[in-house]
Amino acid sequence: MKVMLVNGSPHEKGCTYTALAEIAGVLNEEGIETEIFWIGKKPISGCIACGSCYKDGKCVIDDVVNEFTALAEEADGFVFGSPVYYAGINGAMMSFMDRVFYTSTRKTPDRFTDKPLAAVVSARRAGTTSALDQLNKYLMYAQGPIVTSQYWPMVHGNTPDQVRQDEEGLQIMRTLGHNMAWLLRLIEAGRAAGVPGPVREAEHKWTNFIR
């Protein structure tokens, strides 16, 4: 089994990475392979609403988004991490998430369907809950079980060393890692026992509110 952890920070080994690494360490102890995927520092375009992903199952803008979605096919679970900018996720991460999840829902099945998903955020001081809520909106759309912890998954600190002093925050990350490992094993055991997945209607209903 493998979990991909996405680092949405412009700093490859900063505070967000420190939180994700704590989760990855627990998963590795539990015998689960991990990969921390950094979205990098290059500009990431927002979705241009061209609709090409309906046909191709990938984004027409060939950048880090397509690099990630190609790797994501083989993963069994995901953690998405972002720093807090103005009480929300940072702009590059928002563009990344918009395109990754929209592109993924154009596939059948979705890249994330029935796979455990989690979100974590890091901040110097505040804005964590609203940023976490923003990330969770993507996960709630993807039809995968959301992995929780003993508290909202966030760490505090302005540097990696400060984050490492956030004992509660790091424990929250470790708990999330253990919960992710447990859920992955449950899913694996269920499949081995022949437990069917969720029943889903064949036709996806699309409506708006203009008559």
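Biologist: By class, how many nonpolar, polar and charged residues does the lining of the second largest pocket have?

Modeller: The model is predicted: local features need pLDDT of at least 70 and side-chain atom pairs pLDDT 80 or more, while totals for chains, interfaces and linings use all residues. Residues are numbered from 1 along each chain as its sequence is written, and side-chain values use heavy atoms, leaving out hydrogens and water. Ala, Val, Leu, Ile, Met, Phe, Trp, Tyr, Cys and Pro count as nonpolar, Asp, Glu, Lys and Arg as charged, and the others, Gly among them, as polar. The lining thus divides into 6 nonpolar, 7 polar and 2 charged residues.

Biologist: Which element gives the most to the lining of this second largest pocket?

Modeller: The pocket (an open set of 1 Å grid points with protein on both sides within 12 Å along at least five of seven lines; lining residues have an atom within 4 Å of a point) holds about 250 Å³ of space. Among its 15 lining residues, Cys15, Pro83, Ser122, Gly157 and Asn158 are the closest to the centre. Two or more residues come from each of α1 (15–29), β3 (77–85) and β5 (117–123). With 3 residues, the most is given by β3.

Biologist: How many disulfides does the structure hold?

Modeller: A disulfide requires two cysteine sulfur atoms within 2.5 Å. The number in this structure is 0.

Biologist: Which cysteine has the nearest sulfur to that of Cys59?

Modeller: Cys59 is buried (under 20% relative accessible area), at 12%. Cys59 is in no disulfide, and at 6.3 Å the nearest cysteine sulfur is that of Cys50.

Note on methods
On a 1 Å grid over the protein atoms alone, a cavity is a set of points where a 1.4 Å probe fits but cannot get out, and a pocket is an open set with protein on both sides within 12 Å along at least five of seven lines; lining residues have an atom within 4 Å of a point. Grid points are joined across faces, edges and corners, and a volume is the space filled by probe spheres set on the points. Helices (H or I, at least four residues) and strands (E, at least two) are DSSP runs, numbered from the N terminus. Buried means under 20% relative accessible area, exposed over 50%, partly exposed in between (1.4 Å probe, protein chains only).
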